[in-house]
Amino acid sequence: MEKKLSPWCKNAKIAMIKQDITTTEMAKMLGMNRSYLSSIINGRIYSTMAVKKISDFLGIQDSDTTTV
């Protein structure tokens with residue numbers, strides 16, 4: 001059974017699409033490894049600090065209390 005994406009993951013993906021930015025581009029701008037960033041955005045791993053950094057960059061809330 002597939003795990004559903006959290007609201008934060010969905011919001012991050014939507015923000016990336018709206019800003020027309022790829023995972024590779026964002027990883028370079030944030031000084032992160034692309035595969036690590038992808039794992040966070042796809043909900044495979046979680047890091048509070050990384051989620052905060054990504055959220056600040058994309059201009060979204062860094063919690064799962066938001067709705068899509």
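**Close-up views of a predicted model**

**View 1. The buried residues of helix 1.** In helix 1, Trp8, Cys9, Asn11, Ala12, Ala15 and Met16 are the buried residues. Looking down the axis of helix 1, these buried residues stay within an arc of 165°, so they line one face of the helix. An α-helix has 3.6 residues a turn, so residues three or four places apart point the same way. The model shown here and in the views below is predicted.

**View 2. Both sides of helix 1.** The buried residues of helix 1 pack against three elements: helix 2 (23–30), helix 3 (34–41) and helix 4 (48–58). The face turned away from the buried side carries Ile17 and Lys18, which are exposed.

**View 3. The length of helix 1 and what follows.** Helix 1 covers residues 7–18, which is 12 residues. At 1.5 Å a residue, helix 1 should span 16 Å, and its end C-alpha atoms are 16 Å apart, so the two values agree. Asp20 follows helix 1. The phi of Asp20 is positive, near 55°.

**View 4. Gln19 in the loop.** Gln19 sits in the loop between helix 1 and helix 2. Its relative accessibility is 40%, so Gln19 counts as partly exposed; the partly exposed class lies between 20% and 50%. Leaving out residues up to four places away in sequence, Gln19 touches Phe57 and Leu58. Both of these residues also appear in View 5, on the helix 4 side. Gln19 and Ser6 are 13 residues apart along the chain, and their C-alpha atoms are separated by 20 Å.

**View 5. Where helix 2 meets helix 4.** The axes of the two helices come within 11 Å and cross at roughly 105°. Helix 2 is therefore roughly perpendicular to helix 4, as the crossing angle falls in the 65 to 115 degree range. From helix 2, the contact takes in Met26, Met29 and Leu30. Helix 4 brings Lys53, Ile54, Phe57 and Leu58. By class, the residues of this contact are six nonpolar, no polar and one charged. The charged residue is Lys53.

**View 6. Ser39 in helix 3.** Ser39 belongs to helix 3. With a relative accessible area of 15%, Ser39 is buried, because the cut-off for buried is under 20%. Beyond its neighbours within four places in sequence, Ser39 is in contact with Arg44 and Ile45.

Technical notes
Residues are numbered from 1 along each chain as its sequence is written. This is a predicted model: local features need pLDDT of at least 70, side-chain atom pairs count only at pLDDT 80 or more; totals for chains, interfaces and linings use all residues. Side-chain values use heavy atoms; hydrogens and water are left out. Helices (H or I, at least four residues) and strands (E, at least two) are DSSP runs, numbered from the N terminus. The expected span of a helix is 1.5 Å times one less than its number of residues. Buried means under 20% relative accessible area, exposed over 50%, partly exposed in between (1.4 Å probe, protein chains only). The arc is that of the directions from the helix axis to the C-beta atoms. Contact means heavy atoms within 4.5 Å. Axes are lines fitted to C-alpha atoms, for helices over the stretch in contact, and angles run from 0 to 180 degrees between N-to-C directions. Angles under 35 degrees count as roughly parallel, over 145 as roughly antiparallel, 65 to 115 as roughly perpendicular and the rest as oblique.
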